[in-house]
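Reader: I am new to this structure and would like to learn how to read it. Could you take me through it one feature at a time?

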Amino acid sequence: LAARFDGAADTHTVQMGRRRDIADAAFLAPFIERARAALGTAAYATAGAAGRELSYGDAITSMHDWLQGL
């Protein structure tokens with residue numbers, strides 16, 4: 001999910017004409033690297049690509065559903 005949500009965030013941030021905040025990117029970097037190490041580079045890339053394919057609404061719904069399950 002981390003890779004999928006990261007991919008979705010990358011795509012939708014650009015589509016909205018924005019850039020990720022430098023401080024946010026720095027905060028997230030160790031978590032992203034930990035997910036990439038756990039999954040392996042290829043699986044992380046595959047999950048990230050799947051996230052980039054999500055519509056904005058589907059990405060938000062997916063994140064909401066995940067948060068509700070915590």
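Author: We will go from the overall fold to the charged residues and then to a few single positions. This is a predicted model, in which local features need pLDDT of at least 70 and side-chain atom pairs count only at pLDDT 80 or more, while totals for chains, interfaces and linings use all residues. Residues are numbered from 1 along each chain as its sequence is written, and side-chain values use heavy atoms, with hydrogens and water left out.

Reader: Let me begin with the fold. How many helices and strands are there in the protein?

Author: Helices (H or I, at least four residues) and strands (E, at least two) are DSSP runs, numbered from the N terminus. Here the protein has four helices and zero strands, and the pattern along the sequence is α-α-α-α.

Reader: How should I read the radius of gyration of the protein?

Author: The radius is taken over C-alpha atoms, and the globule rule is 2.2 Å times the number of residues to the power 0.38. For 70 residues, a compact globule would have a radius near 11 Å, and the protein agrees with that at 12 Å. Its C-alpha trace spans about 30 × 30 × 25 Å along the principal axes.

Reader: What percentage of the residues count as buried?

Author: Buried means under 20% relative accessible area, exposed means over 50%, and partly exposed lies in between (1.4 Å probe, protein chains only). By that rule, 23% of the 70 residues are buried.

Reader: And what do the contacts in the protein say about separation along the chain?

Author: A contact means heavy atoms within 4.5 Å. Among contacts with a separation of 6 or more, 73% are between residues 24 or more positions apart.

Reader: Now the charges. How many positive and negative side chains does the protein have?

Author: Lys and Arg count as positive and Asp and Glu as negative, while His and the chain ends are not counted. Each charge is placed at NZ of Lys, CZ of Arg, CG of Asp or CD of Glu. The protein has 7 positive and 8 negative side chains, and the centres of the two sets lie 3 Å apart.

Reader: How many salt bridges does a search of the whole structure find?

Author: A salt bridge is a side-chain nitrogen of Lys or Arg within 4 Å of a carboxyl oxygen of Asp or Glu. The search finds three of them. In one, D6 pairs with R20, and the closest N and O atoms are 2.8 Å apart. This pair links distant parts of the chain, with D6 in helix α1 (residues 2–15) and R20 in the loop between α1 and α2 (22–39), 14 residues apart.

Reader: Is D6 buried or exposed?

Author: D6 is buried, with a relative accessible area of 12%, whereas R20 is partly exposed at 28%.

Reader: Which residue does D10 form a salt bridge with?

Author: D10 forms a salt bridge with R20, the closest N and O atoms being 3.4 Å apart. D10 lies in helix α1 and R20 in the loop between α1 and α2, so this salt bridge ties together parts 10 residues apart in sequence. D10 is partly exposed, with a relative accessible area of 33%.

Reader: Where does E33 fit in?

Author: E33 forms a salt bridge with R36, and their closest N and O atoms are 3.4 Å apart. Both are in helix α2, and because they are three residues apart, about one helical turn separates them. E33 counts as partly exposed at 45% relative accessibility, and R36 counts as partly exposed at 27%. As for shared partners, salt bridges join D6, D10 and R20 into one network.

Reader: Which residues does T13 touch, not counting those up to four places away in sequence?

Author: T13 touches R18, R19 and R20 under that condition. T13 itself lies in helix α1 and counts as buried at 17% relative accessibility.

Reader: How do I compare distance in sequence with distance in space for R34 and G7?

Author: Count the positions between the two, then look at the C-alpha to C-alpha distance. R34 and G7 are 27 residues apart in sequence and 15 Å apart in space. R34 is in helix α2 and is exposed, at 59% relative accessibility. For another pair, D24 and A43 are 19 residues apart in sequence and 24 Å apart in space, C-alpha to C-alpha.
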